[in-house]
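Subject: Structure handover, with notes on the interface and cavities

Hello,

The structure we discussed is below. My notes follow it.

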Amino acid sequence: MSQPRRLTGPKKYLAVALAILFILLIWQAAAWSLPSFLMPGIPTVLERLFSTVQEPEFREGLYGSMSRLGSGYSFALLFGIGFGLVGGVLFFFREILRSAIVILQSIPSIAWVPLFLIVMGFGNLPIIVVVALAAFFPMALSVMNATESVQPVHVAAARVMGASRWQLLRRVYLPAVMPELITGAQLAFGNAWRALISAEMLIGFGQGLGRSLAYSGEIADMSGVMMNILVIAILATLIDQVVLEKFKQRMLRYQYV
Amino acid sequence: MQLRFEEVDKQFGQLEVIKGFNGEFAQGELVALVGPSGCGKSTLLHLVAGLENPTAGRVLADGEKIPGPSPRRTLVFQEHALYPWLSLQGNVAMALELQGVAKASAFEQAAAWLARVSLDGFEHYYPHQVSGGMRQRTALARAFIAKPEVLLLDEPFGALDALTRMALQDVLLELIKEHQPTVLLVTHDVDEALYLADHVLVFSARPAKVLKTFNFTHCEKSHDLTAFAAERTEILRLLGIKTEVGQP
């Protein structure tokens, strides 16, 4: 009856620590069994990481990547939530949007890169658009699907209290879909992050995390490759597990009491 | 606020829920609607609330056709109508906030109203943290805070246990005495109707027709309903429940 449904406190952190340890162990095992020019070990890569983050060039590239991610992702959040909510109240529009998303979502976002490159030229824009596209679909879909399960009694109660359409969206639909919205935002972040790195790897105008990774590969600099992968993993985990999780617990406070 | 139904029909697609309903309810009256499940009583409330429009006929409030929902005619639902993401205080305050009252003032008045229904100290609790009876007290506070002229109650205590229900009926009576709204109460509980109402309308199965109207002039309301034994038997008989014992 009173079985706790989620781990909390030290036990949860222990589980996370074990997972990290497990991944590092596999890596180090590979490093021990392969020659070091193929697979560098953890200490080598960490040393490389500490020296590289001192370089302004690397930091600039990182900053560029993060700002592209930020613009694309926030664009997707804004429009995904907006379209999702409007689709929630306009039923015909919802069906159109849903069908369009199902079709467009089947195209890997990276497949748009050649088109956008030629239309928009080399620069930040094609990458931002690809990131936004990748994140928009799961965002809009999860919000839209969630609006369907908003309880009619919650809507009716607000209407008899005199809520306008805008107040209904803002005070009933938005908080009611918040759990799915946040799950959608986490899903969208994963998509955005993958799109960012792959687009940067593909578009070689010489900056950013993805480009830095691709370049290390091209010159067979394996400690550079592993270092970039490490940075990608650390950043994504930090954003997802710290920033988005904190946001979730803040927004869904009522579920945690 | 006076309410008037003129030859009201309501259909949902092919389903005829209300047919040719007429009725007039004076300001300050408390009218109970009892009848079999799904006979259209709740639909009558939704028509008055402005959530639905009649297919034919007119529903008038103070002689005016009802244009849509308005906080002057408010509805209390059976349960689960509080917002789970708002504290009890936030839920009550929302009724005022939706009418443009500033948040601070709305929250202050909400706290006073929670105290009025004996929930002081529970302002910051969320609905899932309190009992069903406390949730319905909150729902009553949320309804009364907007000073409605018509109060529509859709089986407000239907999900509560008998003792909690009786306590809440008394809370409701007190609030009604104080604020004098016109009240339409849909209930399955004949004793609740007898205890609370000035008039009891007994409905047939769908499409809803009034089988009989009972009028009471209560001097002093009391949970001892023995004085109404004859009416109780009559209402239950109309609803198809046999109450005589020992018949061969």
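Which residue of chain B forms a salt bridge with Arg171(A)? The partner is Glu97(B), and the closest N and O atoms of the pair are 3.3 Å apart. The count of salt bridges between chain B and chain A is one. Please keep in mind that this is a predicted model.

Interface

Polar contacts across the interface of chain B and chain A come to six residue pairs, with both residues at pLDDT 80 or more. On the side of chain B that touches chain A, β6 and α2 (88-97) each supply at least two residues. By class, that side of chain B has 16 nonpolar, seven polar and three charged residues.

In terms of residues, chain A brings 19 to the contact and chain B brings 26. Of the area that chain B buries against chain A, 34% comes from Tyr83(B), Trp85(B) and Leu98(B), more than from any other three residues. The area buried between the two chains is about 2,000 Å², and carbon and sulfur atoms give 66% of that area.

Cavities

Two cavities of 30 Å³ or more were found.

The largest cavity holds about 100 Å³ of space. Its lining draws on both chains: Ala157(A), Val160(A) and Met161(A) are among the lining residues, as are Phe77(B), Ala81(B) and Ala139(B). Three elements each supply at least two residues of this lining, namely α7 (152-160) of chain A, and β6 (73-76) and α4 (132-144) of chain B. Divided by class, the lining has nine nonpolar residues, one polar and one charged. The polar residue is Thr74(B) and the charged one is Arg142(B).

The second largest cavity has about 30 Å³ of space. Val160(A) and Met161(A) line this cavity from chain A, and the residues from chain B include Pro71(B), Ala95(B), Gln99(B) and Ala146(B). Here the classes are six nonpolar, two polar and one charged.

Several residues appear in both linings. Val160(A), Met161(A), Thr74(B), Arg142(B) and Ala143(B) line the largest cavity, and Val160(A), Met161(A), Thr74(B), Arg142(B) and Ala143(B) also line the second largest.

Regards

Conventions. Residues are numbered from 1 along each chain as its sequence is written. Chains are lettered from A and ligands numbered from 1 in the order in which they are written. This is a predicted model: local features need pLDDT of at least 70, side-chain atom pairs count only at pLDDT 80 or more; totals for chains, interfaces and linings use all residues. Side-chain values use heavy atoms; hydrogens and water are left out. On a 1 Å grid over the protein atoms alone, a cavity is a set of points where a 1.4 Å probe fits but cannot get out, and a pocket is an open set with protein on both sides within 12 Å along at least five of seven lines; lining residues have an atom within 4 Å of a point. Grid points are joined across faces, edges and corners, and a volume is the space filled by probe spheres set on the points. Helices (H or I, at least four residues) and strands (E, at least two) are DSSP runs, numbered from the N terminus. Contact means heavy atoms within 4.5 Å. Buried area is the accessible area (1.4 Å probe) that two parts lose on being put together, summed over both. A salt bridge is a side-chain nitrogen of Lys or Arg within 4 Å of a carboxyl oxygen of Asp or Glu. A polar contact is a pair of N or O atoms within 3.5 Å; within protein, one must be able to donate a hydrogen and the other to accept it, and residues adjacent in sequence count only if both atoms are side-chain atoms.
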